[in-house]
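Please read the following explanation alongside the sequence and the structure, moving from one region to the next as the text does.

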Amino acid sequence: MTLDQLKSYHSTDPDSLCPGHPEIENEGVEVTTGPLGQGIANAVGLAMATKNLSATYNRPGHEVVNNMTWCIVGDACIQEGVGLEALSLAGHWRLNNLCVIFDNNNITCDGTVDVANTEDVNAKMRATGFNVVDVYNGDWDVEGITNALVAARSSDKPTFINIRTTIGFGAKQAGTADAHGAALGVDEVARVKKSFGLNPEEFFHIPQDVYDFFSDIPARGEALESGWQSVVAKYREAEPELAAEFDLRVAGKMPADWTKCIPRKEDHPTAPTASRKSAFATTDALGQNINSIMIATADLTPSVNVAYKNRVDFQSPDLRTACGLDGNYSGRYIRYGIREHAMCAISNGLAAFNKGTFIPITSTYLMFHLYAAAALRMGALQGLQAIHIATHDSIGVGENGPTHQPVAVAALFRAMPNFLFIRPCDAEETAGAYTAALQAKDTPTTLALSRQSLTQYPQYSSREGVLKGAYVFTEAEGSTGPDDFDVTLIGVGSEMVYAVQTRDLLAKEYGLKARIVSFPCPRLFEQQSREYKQSVLRPRAGKPTVVIEAYPANGWERYADAGVTMSSFGKALPCKDVYAHYGFEPKSIAAKVSDLVEEVRRDGIGILRGDFREFNGPLTIGAHH
């Protein structure tokens with residue numbers, strides 16, 4: 001970092017290394033922070049990574065991983081819910097390689113902290129499972145701070161250092177909210193400089209004694225790195241197999257044969273099967289065979305189908321649970337409890353630990369990804385690979401009702417930059433979705449999976465098609481050419497069955513030829529060539545396209561002319577009944593599609609331009625179910 005780069009802070013330079021918040025793409029920045037509480041959770045993930053790697057690879061006399069994680073926080077960071085969730089887990093797991101340094105200046109944007117928070121922070125942290133160290137004069141007591149940091153290295157628990165400081169120390173605004181986000185002003189900066197013995201006429205000037213004090217850092221750093229390289233070299237000689245795997249992970253690479261974890265098409269079930277169960281075939285193989293995979297759930301092991309065979313829980317080896325679910329730090333099955341936000345934010349820390357060393361897989365219901373949305377966004381912003389298993393992905397969750405039916409969730413993640421939201425329709429598409437997620441080295445992925453059993457389509461479905469985002473599922477029966485059809489039906493995920501049944505009914509009762517496009521991931525589709533996209537959608541044929549998905553129509557207007565979609569929240573009914581209640585019945589759909597085809601034949605396809613037809617009506621205002 002040069003002085004010129006420091007001068008680019010809050011500048012117009014798009015390549016500035018000093019943006020408003022630290023950003024991961026700049027060398028030396030472990031994670032992007034800014035949204036309060038996210039950094040704490042990331043730090044817990046980084047500390048977990050160290051614990052897991054050391055338990056997996058260290059051997060007597062060969063300690064290749066043993067680093068500390070240092071996390072600096074402010075008053076606001078430890079008020080955020082995600083921060084508290086993460087700190088609770090750090091204490092529970094006894095992550096004694098984590099040190100949280102609390103800059104306790106008692107100021108937030110609104111004023112002093114006590115306008116909104118009067119709790120005993122130290123008592124809370126002790127209750128959470130941290131050792132607490134106080135430094136009462138953080139403005140001057142460098143020795144006290146240093147001693148606290150040294151003590152953290154030998155703690156048997158994570159350490160919380162409560163350092164009392166004065167915001168804006170030395171300025172007239174010291175100790176007030178005015179020093180939090182506003183400039184001190186030219187005159188006040190000059191006065192502060194003068195009071196500390198600096199020349200107020202010198203700008204961006206660093207005195208020589210400061211340079212001298214830190215002058216040994218490059219040599220010390222080089223010696224530490226050289227020493228570690230020597231340790232690893234001896235490790236390679238003593239433990240060649242372990243070292244080879246360790247080196248592969250340090251390089252951020254998966255084993256060359258990882259594709260063996262994806263089931264072959266001939267191994268898929270043929271009977272109706274929930275896609276959450278189809279996904280387990282891959283999750284199980286990954287968990288059992290690839291050490292870079294860490295699989296987690298937010299207290300939903302019985303429901304999300306990610307509990308791979310022969311798993312070991314990630315736990316403090318000293319913990320003895322009442323139910324017998326013990327573990328150790330080499331474990332790669334993480335039980336986050338009911339903490340969806342922390343689960344995903346901590347996973348970002350795991351993913352950021354030397355990118356590629358870990359690929360975290362989280363799991364919960366799709367509805368609860370709204371709790372975790374801020375963390376998923378931060379993962380996308382940072383280019384962190386993580387796979388988020390999101391089960392119970394539609395109104396098909398049934399009796400759980402509208403609180404658990406994720407009608408609006410997909411729209412958020414489909415709109416998010418650098419994020420893959422994939423809804424597979426059967427086991428073969430689920431295999432393709434998992435393949436896409438594992439290949440997305442710089443992108444998080446959500447796999448939206450069903451609770452209910454889904455019809456399998458081995459004659460139509462294609463994992464290669466999933467990798468392209470959308471593909472021709474089936475051409476119209478009896479078609480004599482690419483334009484010999486009456487309508488295109490877009491089937492998506494759990495609702496593919498209604499597209500197939502509607503196609504059959506259109507042919508039988510209306511004499512109409514319908515082709516079907518499967519559309520599991522619009523984002524992947526948009527990466528394809530214009531020629532490919534047109535070959536799938538056939539927009540020049542002058543025939544209407546109808547999408548069938550139990551989410552709102554938002555976004556489908558780009559590809560379709562009409563939709564059988566959701567216009568309200570769901571309802572507490574059994575799976576089949578709730579779909580019927582909202583018009584997802586082949587007989588009803590076929591009648592509406594037939595009318596649309598006749599209208600286009602009469603008036604031309606142009607009649608639909610700018611007039612997307614929502615067969616179930618537009619999104620409502622009012623709490624209608």
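In this predicted model, helices α9 and α10 are oblique to each other, because angles that are neither roughly parallel, roughly antiparallel nor roughly perpendicular are counted as oblique, and their axes cross at roughly 130 degrees. Helix α9 covers residues 217–238 and helix α10 covers residues 240–250, and the two axes come within 6 Å. On the α9 side the meeting residues are W228, V232, Y235, R236, E237 and A238, while α10 contributes P240, L242, A243, F246 and D247. Two packed helices are described by the angle between their axes and the distance between the axes.

A second helix pair can be read in the same terms. Helix α3 (residues 81–92) and helix α13 (residues 340–352) have axes that come within 8 Å and cross at roughly 75 degrees, and α3 and α13 are therefore roughly perpendicular to each other. Their contact is made by V82, E85, A86 and L89 from α3, together with E340, H341, A342, A345 and I346 from α13.

Each of these two helices is followed by a loop that holds a residue with an unusual backbone angle to consider. Most residues other than glycine have a negative phi, and most peptide bonds are trans. R94, placed in the loop between α3 and β2, has a phi near 55 degrees, which is a positive value in a residue other than glycine. N354, in the loop between α13 and β11, likewise has a positive phi, near 55 degrees, without being a glycine. R94 is partly exposed, with a relative accessible area of 27%, and N354 is partly exposed as well, with a relative accessible area of 38%.

The division of the chain gives a wider frame for these details. The protein chain is divided into domain 1 (1–30), domain 2 (36–199), domain 3 (206–251), domain 4 (264–448) and domain 5 (469–614). The centres of domain 3 and domain 5, taken over C-alpha atoms, are separated by 58 Å.

Turning to the sheets, one open sheet is formed by 4 strands in the order β1-β2-β6-β5, with parallel pairing. At its edges stand β1 (69–73) and β5 (131–135), each with a single partner strand, so one side of each is left without a neighbour in the sheet. From one strand to the next, the twist averages 20 degrees. Helix α2 (residues 38–57) packs on this sheet, where α2 touches β1 and β2 (98–104), and the direction of α2 makes about 170 degrees with that of β1. At the other edge, β5 is joined by 5 bridges to strand β6 (residues 159–164), the two running parallel, and N131 has T159 in β6 as its bridge partner.

Which residues have the most contacts inside the largest nonpolar core? They are M48, L95, Y336 and Y434, in a core of 103 residues, to which α2 gives the most, with 10 residues. M48 touches W93, L95, F314, I334, Y336, I346 and L350, when residues up to four places away in sequence are not counted. A second, separate core has 52 residues, including A470, A499, L512 and I516.

Strand β11 (residues 359–365) offers another view of the interior: 7 of the 7 residues of β11 are buried, so this strand is largely enclosed by the rest of the structure. Strand β7 (residues 293–297) is joined to β11 by 3 bridges and runs parallel to it, with I293 having I359 as its bridge partner. β11 also pairs in the parallel sense with strand β12 (residues 387–391), over 5 bridges, and here Y365 stands opposite T391.

Within β12 lies I389, which counts as buried because its relative accessibility is 1%, against a cut-off of under 20%. Leaving aside neighbours within four places in sequence, I389 is in contact with V304, V306, I361, T362, S363, T364, H369, Y434, L447 and L449. The C-alpha atoms of I389 and T446 are separated by 6.0 Å, although these residues are 57 residues apart along the chain.

The last sheet to trace is an open one of 6 strands, in the order β15-β17-β16-β18-β19-β20, with mixed pairing. β15 (471–474) and β20 (613–614) stand at the edges, each with a single partner strand, so one side of each has no neighbour in the sheet. Within this sheet, strand β16 (residues 487–491) is joined by 4 bridges to strand β18 (residues 545–548), the two running parallel, and the bridge partner of L489 is V546 in β18.

Note on methods:
Residues numbered from 1 in each chain as written. Predicted model: local features only at pLDDT ≥ 70, side-chain atom pairs only at ≥ 80, totals over all residues. Heavy atoms only, no water. Pairing = 2+ DSSP bridges. Axes fitted to C-alpha atoms, helices over the stretch in contact; angles between N-to-C directions. Contact = heavy atoms within 4.5 Å. Core = buried A, V, L, I, M, F, W, Y, C linked by side-chain atoms within 4.5 Å. Buried < 20%, exposed > 50% of the residue type's maximum accessible area, 1.4 Å probe, protein only. Domains from an automatic or database assignment. Parallel < 35°, antiparallel > 145°, perpendicular 65-115°, else oblique.
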